Amino acid sequence: QMQLVESGGGLVQAGGSLRLSCAASGRTFRLYAMAWFRQAPGKEREFVGGISWSGDITKYRDSVKGRFTISRDSAKNTASLQMNSLKPEDTAVYYCAANRGGAVVATPGGMDYWGVGTLVTVSS
């Protein structure tokens with residue numbers, strides 16, 4: 001069973017940047033699609049971005065396109081989310097998730113493993 005641990009969350013001013021990291025256990029990490037979701041208080045968990053097992057396909061929700069970039073490093077068993085030009089509406093708990101099917105999945109129900117999340121707070 002895969003273990004996912006997020007790090008890099010914190011408090012940042014609007015317009016600033018943060019880089020989230022997800023450390024994964026398991027030697028089959030290379031075969032998993034990875035994704036980031038987020039959930040703000042009182043709201044449903046929503047897809048942020050995902051990357052296929054091969055790294056050649058990425059997807060993002062419209063509101064973060066051009067600002068966020070997802071990447072992976074199979075040699076280090078990590079996935080990252082670079083967040084630039086942050087806005088107050090980006091404030092949420094960000095979760096790393098993995099899909100053993102290998103394809104990018106944009107729904108929480110399609111993910112097989114989850115980290116416990118890391119809080120990102122963007123002040124105005």
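1. Let's start with D62, which is exposed in this predicted model. Its relative accessible area is 64%, and the cut-off for calling a residue exposed is over 50%, so D62 earns that word. The side chain of D62 also has a partner: D62 and K65 meet in a salt bridge, with 3.0 Å from N to O. If salt bridges are new to you, the idea is simple: side chains of opposite charge can pair when their charged atoms come close.

2. Now have a look at R100 and D112. These two form a salt bridge in which the closest N and O atoms are 3.5 Å apart. Both residues lie in the loop between β9 (92-99) and β10, so their pairing ties together parts that are 12 residues apart in sequence. Are the two partners buried or exposed? R100 is exposed, because its relative accessible area is 52%. D112 counts as partly exposed, because its relative accessibility is 28%.

3. The pair of E46 and R38 is worth a visit too. Their salt bridge has its closest N and O atoms 2.7 Å apart. E46 counts as partly exposed, at 25% relative accessibility, whereas R38 is buried, with a relative accessible area of 5%. Buried means under 20%, so the value of 5% puts R38 in that class. Which other residues join in? R38 and E46 are linked with R61, R67 and D90 in a network of salt bridges. For the structure as a whole, the count comes to six salt bridges.

4. Next comes a different kind of link. How many disulfides does a search of the whole structure find? The search finds one, and C22 and C96 form it, with their sulfur atoms 2.1 Å apart. As a reminder, a disulfide is a covalent bond between the sulfur atoms of two cysteines. The angle about the S-S bond is -80°, and the link of C22 and C96 is left-handed. C22 lies in strand β3 and C96 in strand β9, so the disulfide ties together parts that are 74 residues apart in sequence. C22 is buried, at a relative accessible area of 0%, and C96 is buried at 0% as well.

5. Strand β3 leads us on to a sheet. Which strands form this open sheet, and in what order? Four strands form it, in the order β1-β3-β8-β7, and their pairing is antiparallel. The edges are taken by β1 (4-7) and β7 (68-73); each has a single partner strand, so one side of each is left without a neighbour in the sheet. On average, neighbouring strands here are turned by 15° against each other, direction ignored. Strands of a sheet pair through backbone hydrogen bonds, either parallel or antiparallel.

6. You can zoom in on one of these pairings. Six bridges join β3 to strand β8 (residues 78-83), and the two run antiparallel. To find your place, look for L20, which stands opposite L81 in β8.

7. Then there are the aromatic rings. A search of the whole structure finds four aromatic pairs. One of them is formed by Y32 and Y113, and this pair is tilted, with 6.0 Å from centre to centre and 55° between the planes. It links distant parts of the chain: Y32 is in the loop between β3 (18-24) and β4 (33-39), while Y113 is in strand β10 (residues 113-114), 81 residues apart. Y32 is buried, with a relative accessible area of 11%, and Y113 is buried, with 14%.

8. F37 and F47 make an edge-to-face pair, at 5.6 Å centre to centre and with 75° between the planes. F37 lies in strand β4 and F47 in strand β5 (residues 46-51), so this pair ties together parts that are 10 residues apart in sequence. Both F37 and F47 are buried. These rings also have company: F37, F47, Y95 and W114 form one aromatic cluster.

9. Finally, some charges sit over rings. Where does the charged end of R45 sit? It sits over the ring of Y95, 3.8 Å from the ring's centre, and Y95 is one of the residues in the cluster just described. R72 lies over the face of F29, at 4.7 Å from the ring centre.

Methods: Residues numbered from 1 in each chain as written. Predicted model: local features only at pLDDT ≥ 70, side-chain atom pairs only at ≥ 80, totals over all residues. Heavy atoms only, no water. Phe/Tyr/Trp six-rings, centres within 6.5 Å; stacked < 30°, edge-to-face > 60°. Buried < 20%, exposed > 50% of the residue type's maximum accessible area, 1.4 Å probe, protein only. Lys NZ or Arg CZ within 6 Å of the ring centre and 35° of its normal. Pairing = 2+ DSSP bridges. Axes fitted to C-alpha atoms, helices over the stretch in contact; angles between N-to-C directions. Salt bridge = Lys/Arg side-chain N within 4 Å of Asp/Glu carboxyl O. Disulfide = S-S within 2.5 Å.
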